[in-house]
Amino acid sequence: MALAYYNYDDLPKGIQTIRLEYFEEAVNYLLNHPQVKGPGIGLLGISKGGELGLAMASFLKGIKAAVIINGSVAAVGNTIYYKDETIPPVTSLRNRVRMTKDGLQDVVDALQSPLVEPKSFIPVERSDATFLLLVGQDDHNWKSEFYANEISKRLQAHGKEKPQVICYPETGHYIEPPYFPLCKAGMHLMVGANITFGGEPKPHAVAQLDAWQQLQTFFHKHLNGEERTIPSKL
């Protein structure tokens, strides 16, 4: 189930606020669907969807396994609401935006650290889900490797299971299914400009092949209760 959450039909046009009750409806729908095995469901999110997936797994019940691809551990660009709780966005640091030689904006340093603004940190320690974190080490959208490491530290500090973290060198922000072309640059709607997303064609392509196999193996293991090895093509 791919869930739209803004600028679609009667949904809000923007994402100034995110209310997790909307996503909770979708979780409950799946948990009660006759074709869903249960007892929990899996989440897969990339970029902003990774941030939301992390928030869902932290606040909502019934999520057993979550794959987060280059997601943020902090609220970015909007406040996240759930019932009477709020997570404010980290501060944008526009003065840290750099220009590349190709005339693109590099925004990788343009967000305040959630360690400096802890109220923006998504409370991952509340989650009972098992996590797989997939990271492009040349992600220029934001500091995905730093976020993944902080997620891991926080979970372990609160006695939770250490997440599986897989880092891919020379890999950019959009780790998509195999054979999708590298999205090295493009318009970023929240920034309002063309930015660099990072990555080099060959290693990024190799990463997409591996990530696709890794996430399937992960979901088979944690949602079916059985480990399935998918042959590597690398």
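What follows is a short chat about a helix, some strands and a tyrosine in a predicted model.

Tutor: Ground rules: local features here need pLDDT of at least 70, side-chain atom pairs count only at pLDDT 80 or more, and totals for chains, interfaces and linings use all residues. Numbering starts from 1 along each chain as its sequence is written, and side-chain values use heavy atoms, with hydrogens and water left out.

Student: What makes the span of H2 close to the expected one?

Tutor: The expected span is 1.5 Å times one less than the number of residues. H2 (residues 48–59) has twelve residues, for which 16 Å is expected, and its first and last C-alphas are 17 Å apart. H2 counts as a helix as a DSSP run of H or I with at least four residues; strands are E runs of at least two.

Student: Why is H2 called largely enclosed?

Tutor: Eleven of its twelve residues are buried, so the rest of the structure largely encloses H2. Buried means under 20% relative accessible area, exposed over 50%, partly exposed in between (1.4 Å probe, protein chains only). Among the buried ones are Lys48, Glu51 and Phe59.

Student: How do you know that E4 pairs with E5?

Tutor: Pairing takes at least two DSSP bridges between two strands. E4 and E5 have three and run antiparallel, so they pair. One bridge joins Ile80 to Ile87. Ile80 is also the partner of Ile18, in the parallel pairing of E1 with E4.

Student: Why is Tyr179 called exposed or buried?

Tutor: Its relative accessible area is 68%, so Tyr179 is exposed. Tyr179 sits in the loop between E9 and E10.
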